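Dear colleague,

Please find below the structure that I am handing over to you, together with its sequence. My notes on what was found in it follow directly after.

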Amino acid sequence: MRALSGLLGARAPTPRLLLLLQCLLATARPSSAADSAPDSLFTSPPVREEMMEKYSNFSLGSHNISLTEHSSMPVEKNITLERPSNIKLTCQFTTSGDLNAVNVTWKKDGELLENNYLVNATGTTLYTQYRFTIINSKQMGSYSCFFQEEKEQKGTFNFKVPELHGKNKPLISYVGDSTVLTCKCQNCVPLNWTWYRSNGSVQVPVGVQMNKYVINETYANETKLKIKQLLEEDGGSYWCRALFQLGESEGHVELVVLSYLVPLKPFFAIVAEVVLLVAIILLCEKYTQKNKKHSDEEREFEQIEQLKSDDSNGIENNVPRLRKNESTGQ
């Protein structure tokens, strides 16, 4: 942990150095707090200078983060790195309080870094800079600067290899067809491409020796996997993996293989519904006609019975009349 009293090294500063620092603070411009820290504010330790000279053929990447005492959330910056590089990270913290009371630390993935970072101040802004060289995947990760005042402020630089872009939505094909799975890397050139297929929780390399698979790498930043004579069991998750000097990156493509009967299933379902509806209508119609016929037969039967009853009553009425007439004639 380092406060402003230990600006230029781990040793306690001499009175002459403190006087020089006070002069620098008094003559600093107020507007300089909003600007990035000039390199003239920092003097790299000899070890860092030797490291930078050793890898002087590497490109230099400079990245900055600005924080204030009123920052409500940690600030993060994502940095994509494909090959070894010299890195210069600078954090600036602006506060209205006493700069001498601010403690500055750096951490990588939560672990405290050595005391070889630099701290300086101008005006109301405190600057800290960390220089290093990334030469392998172990040095990738998150580098964070911390300014501890009444409230801790944090800035984080996230280093990662380039991302791969597959297909966000599942790729749908049919049994017997061929399909092509594609993975791309924007503005990068991987050292090597590899295709895998998920078998449960295990990734199995795609066997290019089989006639079923063909890998095309016409462009350095793109790979294509062609699968011929698709079967339903060819569906599933496929992964493309790109190898870089500083690590690996993966892309994902989901393949769905359907039989030709699958698109017809909705049609069959509609036909079945129509047939069922027609059958119900016909049954209802038949039942209605049957009831109507039965009602007509009952009505006809009642009419016949009524006629028979009327005829019977008519005959009975005529018999006494005939008897009376016969009596009168005698």
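**Strand pairing, ring contacts and an annotated segment**

Strands S13 and S14 run antiparallel and are joined by four bridges. Please keep in mind throughout that this is a predicted model. The two strands form a hairpin with two residues between them, and Gly200, which lies in the turn, has a positive phi of about 75°. Within this pairing, Arg197 is found opposite Val204 of S14.

S13, which covers residues 192-199, also pairs with strand S17, residues 236-244; here six bridges are present and the direction is again antiparallel. Two positions show how these strands are aligned. Trp193 has Ala242 in S17 as its bridge partner, and Trp195 faces Cys240 in S17. A contact of another kind involves Tyr196 and Arg241: the charged end of Arg241 is placed over the ring of Tyr196, 4.3 Å from the ring centre.

These strands belong to an open sheet of five strands with mixed pairing, in the order S11-S18-S17-S13-S14. Strand S11 (171-174) and strand S14 (202-205) are the edges of this sheet; each has a single partner strand, so one side of each is left without a neighbour in the sheet. From one strand to the next, the twist averages 35°.

Is Ile172, on edge strand S11, buried or exposed? Ile172 has a relative accessibility of 53% and therefore counts as exposed, the cut-off being over 50%. Ile172 nevertheless has contacts with residues beyond its sequence neighbourhood: leaving aside residues up to four places away in sequence, Ile172 touches Val256 and Leu258. The C-alpha atoms of Ile172 and Val256 are 4.8 Å apart, although 84 residues separate the two in sequence.

A further group of strands centres on S10 in this account. Strand S9, residues 141-148, is joined to S10 by eight bridges in an antiparallel arrangement, and a hairpin of three residues connects S9 to S10. In this pair, Ser144 lies opposite Thr156 of S10. S10 also pairs with strand S3, residues 75-80, this time in the parallel sense and over six bridges. Val75 stands opposite Gly155 in that pairing.

The aromatic residues deserve a separate paragraph. Eight aromatic pairs are counted in the model. One of them is the pair of Trp106 and Phe157, which is stacked, with 6.3 Å from centre to centre and 15° between the planes. Trp106 belongs to strand S5 (residues 103-108) and Phe157 to strand S10 (residues 152-160), so that distant parts of the chain, 51 residues apart, are linked by this pair. How accessible are these two residues? Trp106 is buried, with a relative accessible area of 0%, and the value for Phe157 is 0%, so Phe157 is buried too. Ring pairs further connect Trp106, Tyr130, Phe132, Tyr143, Phe157 and Phe159 into a cluster. Besides these ring pairs, Lys107 is placed over the face of Phe146, at 5.1 Å from the ring centre.

A second open sheet to note has four strands and mixed pairing, in the order S2-S4-S8-S7. Its edge strands are strand S2 (59-68) and strand S7 (118-122), each of which pairs on one side only. The twist in this sheet averages 20° from one strand to the next. S2 runs parallel to strand S4 (residues 85-94), and ten bridges join the two. In this pairing, Gly61 is opposite Ile87 of S4.

Finally, there is one annotation to compare with the model. The UniProt record, an unreviewed entry, places a "transmembrane region" at residues 267-284. What does the predicted chain show over residues 267-284? The chain there is 100% helix and 0% strand, and the C-alpha atoms at the two ends are 26 Å apart.

Yours sincerely

How values were computed
Residues numbered from 1 in each chain as written. Predicted model: local features only at pLDDT ≥ 70, side-chain atom pairs only at ≥ 80, totals over all residues. Heavy atoms only, no water. UniProt positions renumbered as here; feature names shortened; annotations may be inferred. Pairing = 2+ DSSP bridges. Axes fitted to C-alpha atoms, helices over the stretch in contact; angles between N-to-C directions. Phe/Tyr/Trp six-rings, centres within 6.5 Å; stacked < 30°, edge-to-face > 60°. Buried < 20%, exposed > 50% of the residue type's maximum accessible area, 1.4 Å probe, protein only. Lys NZ or Arg CZ within 6 Å of the ring centre and 35° of its normal. Contact = heavy atoms within 4.5 Å.
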